[in-house]
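This report goes through one predicted model. It takes up two helices, then the chain as a whole, then a few single residues.

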Amino acid sequence: MSIATTNPATEQVLKTFEAMSTEQIDAAIERADLAYHQLRETTVDQRAQWMNTVADLLEEDRDEIARIMTQEMGKTYVAAQAEVTKCASACRFYADRAPSFLADQPADASAVKATRAFIRYQPIGVVLAVMPWNFPLWQVLRFAAPALMAGNTGLLKHASNVPQTALLLEDVFRRAGFPEGAFTTVLVGSEAVDRILSDPRVRAATLTGSEPAGRSIAQIAGRELKKTVLELGGSDPFVVMPSADVDRAAEVATTARCQNNGQSCIAAKRFIVHTDVFDAFAEKFAANMAALRVGDPMDPGTDVGPLASQRGRDEVHAQVRDAVDNGATVLCGGELPTGDGWYYPPTVVTDLTPEMRMWREEVFGPVAGLYRVSSYEEAIEVANGTSFGLGSNAWTRDEAEQERFAVDLDAGNVFINGMTTSFPELPFGGVKNSGYGRELSELGMREFCNTKTVWVGEGVASAGAGAHAE
Ligand SMILES: O=CCCCC(=O)O
């Protein structure tokens, strides 16, 4: 795919970019490696000062950054502004918390026959970040803020449709004072990833993207014995039980499905509703979805902008058509609009069966699948009946049931009476084919640290393999 900014609202190509040559890629890796050796010698306080400046710059430039994001991938300008603000607060969070997250962690020295024993968190080097277009700033910052605060450096291979966002990120880190090369954008296609990750100076990779992209990175990293964190797709369930506040659930369901024009890995996609409240929920949900305003993403009155690409919209429509052709019922939407822009109407489809694509695949657009179930057990079976396991949502006011959902939902995140979202304070990631490893919180920071055991003794032979057998 060529590297270009194409406005999804107009289908106009606004700017194109040349992919970097292999010499330029090698030079970028070299700069990132040199910067790593510099950065690891800096104090966490110094890095915190730079990271707080990143936050300041993002806030100062918020509107311009948001405009570029909207132009590149179609999210509403209002959502883009909120994304920039969230990134700034994540930078401040890591600037503030890194000293405690990275502090030596004492262990029980006497239990291991030491005079002192502790865990030390040290950086590991250059980390390759392969990032998607859907949250073009947030997905990058939530890797970069903890990674750079830990003393690593980042090489960003961003999605080919958000090159301007990628370049402005590099510029922000440079202007904030981080050493040259601490955060570098490489404008390359996905074919360059093997070469970059195979380079001995690159120590690890993080990817947010599709399942095939995750498998491909994991394969290269496996061959090269390098650490990876993978955050892949999701087909999140949103379960509504009889004790739920149905009006509120239908409202939040609409936001949960259509956030980011329906293009989020943690958007709720499968709405699994107990038969006692099914009709009431379905009516309200379909009415809310149909009432959303679809249109120009720069207009503050717009709820849903265009999808990011023609290919993405064609795929969503093909999934809906497949369901309809096989007997599903459309409660609202489902028709491809005419005119410029890759718009798709908020759509609710019910009467789904396991042979339909919508039953088993992630739908990356504002399309909800609605399922009727008649018991808790059936709700769990449908909710977990997917190869994904990223987010999940359950609506119930019954406390015992809340606890059961927290245990039984097979996902990295369980949100009760709310919608799945990410916070710098909480770990974020999936199970099953949604990937592995965690982003955010102290766990996200430590994914790219050498968790080093330090044992200090008095020279006696107590630490060998047989020590515990004594
Ligand atoms: O596609 C993944 C979306 C993550 C959005 C978030 O972190 O809020």
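## Helix α3

The residues of α3 that count as buried are I65, A66, I68, M69, T70, E72 and M73. The cover over these buried residues includes strand β1 (3–7) and the helices α2 (44–60), α4 (77–101) and α6 (163–176). An α-helix has 3.6 residues a turn, so residues three or four places apart point the same way.

Helix α3 covers residues 62–73, which is 12 residues, and the distance from its first C-alpha to its last is 16 Å. That is close to the 16 Å expected at 1.5 Å a residue. After α3 comes G74, with a positive phi near 90°.

## Helix α11

Helix α11 takes in residues 310–325, 16 residues in total. Its end C-alpha atoms lie 22 Å apart, in agreement with the 22 Å that these residues should span at 1.5 Å a residue. G327, just after α11, has a positive phi of about 110°.

Which residues of α11 are buried? They are R313, V316, H317, Q319, V320, D322 and A323. Strands β13 and β14 (367–373), together with helix α12, are included in what covers them.

## The chain as a whole

The chain's secondary structure amounts to 15 helices and 18 strands. Its radius of gyration is 24 Å, and the globule rule gives 23 Å for 470 residues; the two values are close, so the chain is as compact as a globular protein of that length. Taken along the principal axes, the box filled by the C-alpha atoms is roughly 75 × 60 × 40 Å. Of the 470 residues, 55% are buried. Contacts between residues at least 6 apart in sequence join residues at least 24 apart in 71% of cases.

The accessible surface is about 19000 Å², and carbon and sulfur atoms account for 50% of that area. As for charge, there are 42 positive and 63 negative side chains in the chain. The centres of these two sets are 4 Å apart.

## V140 in helix α5

V140 sits in helix α5, which spans residues 138–149. Is V140 buried or exposed? V140 has a relative accessible area of 0%, so this residue counts as buried.

Setting aside residues up to four places away in sequence, V140 touches M131, L156, H158, L169 and F183. One of these contacts, L156, is 16 residues from V140 along the chain, and the two C-alpha atoms are 7.9 Å apart.

## K227 in strand β9

K227 belongs to strand β9, made of residues 227–231. The relative accessibility of K227 is 36%, so this residue is partly exposed.

When neighbours within four places in sequence are left aside, the contacts of K227 are R203, A204, A205, E447 and F448. From K227 to A204 the C-alpha distance is 4.8 Å, with their positions 23 residues apart in sequence.

## V431 in a loop

V431 is placed in the loop that runs between β16 (415–416) and β17 (435–436). With 26% relative accessibility, V431 is partly exposed.

Residues up to four places away not being counted, V431 is in touch with F388, G389, D410, A411, G412 and R438. V431 and F405 are 26 residues apart along the chain, and their C-alpha atoms are separated by 16 Å.

## Positive phi outside glycine

Most residues other than glycine have a negative phi. Two residues are listed here for the opposite sign.

N260 is not a glycine, yet its phi is positive, about 55°. N260 is part of the loop between α9 (246–258) and β11 (268–274). The relative accessibility of N260 is 10%; buried means under 20%, so N260 counts as buried.

D351, also other than glycine, has a positive phi near 60°. D351 falls in the loop from β13 (347–350) to α12 (357–360). Where N260 is buried, D351 is partly exposed, at 45% relative accessibility. The two elements that flank the loop of D351, β13 and α12, also appear in the cover of the buried residues of α11.

Technical notes. Residues numbered from 1 in each chain as written. Predicted model: local features only at pLDDT ≥ 70, side-chain atom pairs only at ≥ 80, totals over all residues. Heavy atoms only, no water. Helix = DSSP H or I, 4+ residues; strand = E, 2+ residues; numbered from the N terminus. Expected span 1.5 Å × (residues − 1). Buried < 20%, exposed > 50% of the residue type's maximum accessible area, 1.4 Å probe, protein only. Contact = heavy atoms within 4.5 Å. Rg over C-alpha atoms; globule rule 2.2 N^0.38 Å. Areas by Shrake-Rupley, 256 points an atom, 1.4 Å probe, with all protein chains shown as cover. Lys, Arg positive; Asp, Glu negative; His and termini not counted. Charge placed at Lys NZ, Arg CZ, Asp CG, Glu CD.
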